[in-house]
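The report below goes through a single protein chain, beginning with individual residues in loops and moving on to cores and aromatic groups. Please read it alongside the sequence and the coordinates.

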Amino acid sequence: TGYKDDTIAEKIFSSRDHAGSDFVSRKLYHDPSHRTWEANVPYRWKLRHRVSIGELRVTLQSVGQNRRIVPILDSGPVYDNEVLGGKLGLFSQEQWNVTFGGIRGRCLQGENFAGIITKPSYVELGTVRDLDIGRNFIISFWVKIIGVCQGTHLTHVATRNWNQAPLQIFYKDCQLRLRFGDYSIISAPLKDLDDWHRITVENDYQHRKTRLWFDNTRVDELDVDLVLDLDSYLYLGWDGKDHFSQVQVDEIRILNRNMEQSRLFNDALSAPNLDRYIAQKAVTLHVNFDKRVFRNEAGNTKLVWRNAPSISAQNIGREKFTTSTVMSHIYRLKWQNDD
């Protein structure tokens, strides 16, 4: 790095800004128990970084007598979409005769997947009650259509309940549309829908605002008291009746009423900012399509979710997966190979 030892140590362990320096340091995790190292004890640590979804995880174990493995800490998933790679190094501050060994690394790019939703498949995300999104919520996802958009009706997200008009977000004739009863938002004709785009719906009940976003552009907003029936089901890729979807989809994120505590959207909204906000707030549901799926009793495929183990999103129908290129698209990442 070119820094003196005392300077680099201070910068690594200090999270404040360093004026005039290109060295950036931010604390992403610390052990809440503040346990100290023990002398003459071997430790094993593992760092997992999934760049495309911004997930980092650290586990630490000690090796006791008779090579007995003792778990010490597990950071759990830590989300950050600013760390995009770089070089990994070993550093020891004010400790001498530290031996590092058995260092191994491998690429996990092959584990990041997007889901392919085509008729008659769809995703059941749960009820409005379970998701706690009756009044205030943010629904955000990345989508990429398969085929053509002209002359088609492609449902992205919809609620279904016989006692209430559904909330629907869909493409129709290359336009992004939101519909709730007699209210609707219709965008201008869109281009390049066969590439990845983020669609976001924000419902702010306190201010009677429902906003629809396409990437970092606000399409329009409604002045409406939008309250979802608690017994409604939320679907991805099906409107509950006749219309399905034909898309690739990834990074389905739903925020519940915690959004009341802090305003999210502004004119400078960007995808990294949204990712960072969602990573810091309580996310009701964050679905990733992943190889690590398992079938439930009905034979449907449970999806991998995060931060809300009580919510059981599942894929209905013939599950299909493809390599996820969402973050590659955002950050223009280049992968040399898939190993």
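## A buried loop leucine

In this predicted model, leucine 228 has a relative accessibility of 3% and therefore counts as buried, the cut-off for that class being under 20%. Leucine 228 belongs to the loop that runs between strand E14 (217-223) and strand E15 (233-236).

If neighbours within four places in sequence are left aside, the residues in contact with leucine 228 are Val128, Ile133, Gly134, Phe137, Thr159, Gln164, Leu167 and Phe180. For one of these partners, threonine 159, the separation along the chain is 69 residues, while the C-alpha atoms of threonine 159 and leucine 228 are 8.4 Å apart.

## A buried loop serine

Serine 121 is also found in a loop, here the one between strand E5 (113-118) and strand E6 (122-127). With a relative accessible area of 1%, serine 121 is classed as buried because the value falls under 20%. Beyond its neighbours within four places in sequence, serine 121 is in contact with Gly237, Phe244, Ile316, Gly317 and Arg318.

## Overall make-up

The protein contains 4 helices and 22 strands, and 45% of its 339 residues are buried. Among contacts with a separation of 6 or more, 63% are between residues 24 or more positions apart. The exposed area of the protein is about 19,400 Å², of which carbon and sulfur atoms supply 47%.

## Nonpolar cores

In soluble globular proteins, nonpolar side chains tend to be buried together. In this model the largest nonpolar core comprises 42 residues, and Leu125, Ile169, Tyr171 and Ile199 are those with the most contacts inside it. Strand E7 (residues 137-145) contributes 5 residues, the largest share of this core. Another core, of 5 residues, lies apart from the largest one and includes Tyr122, Trp238, Phe244 and Ile316.

Which residues surround isoleucine 169, once neighbours within four places in sequence are left aside? Isoleucine 169 is in contact with Thr155, His156, Val157, Leu176, Arg177, Leu178, Ile199, Val201 and Leu212; of these, Ile199 is itself listed among the residues with the most contacts inside the largest core.

## Aromatic pairs and a charge over a ring

The structure holds 6 aromatic pairs. In one of them, the ring centres of tryptophan 37 and tyrosine 43 are 4.8 Å apart and the planes meet at 85°, so the arrangement is edge-to-face, the class for angles over 60 degrees. Tryptophan 37 is counted as exposed because its relative accessibility is 54%, whereas tyrosine 43, at 24%, is counted as partly exposed.

The pair formed by tryptophan 238 and phenylalanine 244 has its ring centres 5.9 Å apart and its planes at 15°, and is therefore stacked, since that class takes angles under 30 degrees. Tryptophan 238 is buried, with a relative accessible area of 11%, and phenylalanine 244, at 16% relative accessibility, likewise counts as buried. Both Trp238 and Phe244 belong to an aromatic cluster that also takes in Tyr122, Tyr233 and Tyr235, and Phe244 is in addition one of the residues in contact with serine 121.

A further arrangement involves arginine 135, whose charged end sits over the ring of tyrosine 205 at 4.5 Å from the ring centre.

How values were computed
Residues numbered from 1 in each chain as written. Predicted model: local features only at pLDDT ≥ 70, side-chain atom pairs only at ≥ 80, totals over all residues. Heavy atoms only, no water. Helix = DSSP H or I, 4+ residues; strand = E, 2+ residues; numbered from the N terminus. Buried < 20%, exposed > 50% of the residue type's maximum accessible area, 1.4 Å probe, protein only. Contact = heavy atoms within 4.5 Å. Core = buried A, V, L, I, M, F, W, Y, C linked by side-chain atoms within 4.5 Å. Areas by Shrake-Rupley, 256 points an atom, 1.4 Å probe, with all protein chains shown as cover. Phe/Tyr/Trp six-rings, centres within 6.5 Å; stacked < 30°, edge-to-face > 60°. Lys NZ or Arg CZ within 6 Å of the ring centre and 35° of its normal.
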